[in-house]
Amino acid sequence: MLAQTYQDWELILVDDGSTDASMRVADTFGAACPGKVTCLTHPGHANRGQLASRVLGARHARAGVVALLDQDDVWEPGYLEGHLRLWEDARPRGAALSYGPAREWFPTSRGGHWGTVQDMPSDAPRVFGAGELLEVFLDTKYRTSPCPSCALVAREVFDGVGRFEVSAYRTPFEDQFLWWYAAARWPVAVHPHVWVRYRRHPRSALTRWTASRRRAMQSELAFLRIITEYLIEEHPGHPLVRAGRLQAHTQVLAERVETYRANTGARLREVLRDHLPVEVYGGLRTFWSFARGAWRPRKRTGRG
């Protein structure tokens with residue numbers, strides 16, 4: 001934050017039930033920047049999850065727009081200045097969410113190399129109408145939905161999204177509830193500027209969740225069922241609901257989950273993945289792949 005070229009900001013730090021020295025570090029930082037830093041925690045120092053923490057922080061914000069920043073991502077120095085300039089242009093057109101692409105960053109790898117730049121909707125940059133991006137999110141398997149650290153969100157969005165806090169808790173789809181809720185109700189501005197480094201490392205929460213195919217599918221299924229119910233209730237005329245696409249997609253995914261459950265080998269892999277260190281499990285997978293290839297009988301060819 002201190003490196004941003006735009007300095008008229010308020011920093012709200014939300015402690016989500018940490019068990020280390022995070023709050024002491026936050027309080028020290030707050031004391032060094034009086035009037036600019038607010039430190040919050042949930043009642044009873046509880047762990048409530050990402051969505052609940054974002055809602056808590058937004059409700060204490062003095063400004064009408066909230067810029068999200070996860071603890072392991074990095075903004076380039078001109079991020080706030082550039083994105084707020086775009087926000088001022090999009091806001092009069094009704095936009096309540098604005099975002100752009102993140103670039104993958106692997107700081108723990110040799111040389112700290114860069115990865116790919118996130119895909120954006122095909123006809124961006126522009127301001128999309130309310131509800132227009134939901135089909136894009138679904139068709140691209142959420143790849144074009146916002147990275148939290150790339151998003152500016154109108155404060156009023158957080159007044160209603162709290163309805164999903166309990167359902168979203170501790171799933172890899174926590175932020176999808178926020179994006180789908182905002183994109184269903186308000187226009188969304190999408191820009192092409194790469195101003196954010198999205199940190200990737202093998203022990204991140206998202207990596208751990210998506211490493212388990214069963215848990216990832218179950219989490220997506222739970223998300224789709226809840227968001228479908230919400231859209232049917234609040235936006236029954238949306239094309240995804242009216243044409244039955246969302247309901248059909250949910251049914252197909254439910255069938256895949258059941259098929260996966262019945263697969264003994266898949267269940268064994270899930271148990272090993274959940275209980276072995278990452279390095280040990282990776283070594284076993286490599287050995288098994290090699291052994292399976294070495295022991296596979298060669299196809300015999302006849303002679304005429």
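## Exercises on a predicted fold

Of the 65 residues in the largest nonpolar core, Y99, V157, F158 and W180 touch the most other members. Such a core is a set of buried Ala, Val, Leu, Ile, Met, Phe, Trp, Tyr and Cys residues joined through side-chain atoms within 4.5 Å. The largest share of this core, 8 residues, comes from α7.

The model is predicted, with local features needing pLDDT of at least 70 and side-chain atom pairs counting only at pLDDT 80 or more, while totals for chains, interfaces and linings use all residues. Residues are numbered from 1 along each chain as its sequence is written, and side-chain values use heavy atoms, with hydrogens and water left out.

### Exercise 1: the whole chain

Task: describe the protein chain by its secondary structure, burial and contacts.

Solution. Start with the elements: the protein chain has 13 helices and 11 strands. These are DSSP runs numbered from the N terminus, helices being H or I with at least four residues and strands E with at least two. Next comes burial: 40% of the 304 residues count as buried. Buried means under 20% relative accessible area, exposed over 50%, and partly exposed in between, with a 1.4 Å probe and protein chains only. Last, take the contacts, meaning heavy atoms within 4.5 Å. Among those with a separation of 6 or more, 76% are between residues 24 or more positions apart.

### Exercise 2: helix α2 and its surroundings

Task: work out how α2 is enclosed and how it packs against α7.

Solution. First, list the buried residues of α2: L51, A52, S53, R54, V55, L56, G57 and A58. Because 8 of its 10 residues are buried, α2 is largely enclosed by the rest of the structure. Second, look at the cover, which includes β1 (11-15), β2 (37-41), β3, α5 (157-161), α6 (165-168) and α7.

Third, turn to the geometry. Helix α2 (residues 50-59) and α7 pack at an angle of about 55°, with axes 7 Å apart. Here axes are lines fitted to C-alpha atoms, for helices over the stretch in contact, and angles run from 0 to 180 degrees between N-to-C directions. The two helices are therefore oblique to each other; angles under 35 degrees count as roughly parallel, over 145 as roughly antiparallel, 65 to 115 as roughly perpendicular and the rest as oblique.

Fourth, find the partners: Q50, L51 and R54 in α2 meet E174, D175, F177 and L178 in α7. The residues of this contact divide into 3 nonpolar, 1 polar and 3 charged. In this grouping Ala, Val, Leu, Ile, Met, Phe, Trp, Tyr, Cys and Pro are nonpolar, Asp, Glu, Lys and Arg are charged, and the others, Gly among them, are polar.

Finally, follow R54 to a loop. R54 is in contact with D70, as are P148 and S149, leaving aside neighbours of D70 within four places in sequence. D70 lies in the loop between β3 (65-67) and β4 (74-75) and is buried, with a relative accessible area of 16%.

### Exercise 3: W186 and V157

Task: place W186 in the structure and trace its contacts.

Solution. Begin with location: W186 is in the loop between α7 (174-185) and β10 (188-190). W186 is buried, at a relative accessible area of 16%. Now set aside neighbours within four places in sequence; W186 is then in contact with G94, A96, A130, E156, V157 and Y181. L97 is 89 residues away from W186 in sequence, yet their C-alpha atoms are 7.7 Å apart. Then go to V157: not counting residues up to four places away in sequence, V157 touches A96, L178, Y181, A182 and W186.

### Exercise 4: checking a helix length

Task: compare the span of helix α3 with its expected value.

Solution. The expected span is 1.5 Å times one less than the number of residues. For the 12 residues of α3 (residues 79-90) this should give 16 Å, and the end C-alpha atoms are 16 Å apart, which agrees. Buried residues of α3 are Y79, L80, G82, H83, L84, W87 and A90.

### Exercise 5: backbone details

Task: where do Y142 and R170 lie, and is each buried or exposed?

Solution. Y142 is in the loop between α4 (134-139) and β9 (151-154). Although not a glycine, Y142 has a positive phi of about 75°, and Y142 is buried at 12% relative accessible area. R170 lies in the loop between α6 and α7. Phi of R170 is also positive, near 55°, but R170 is exposed, at 55% relative accessible area.
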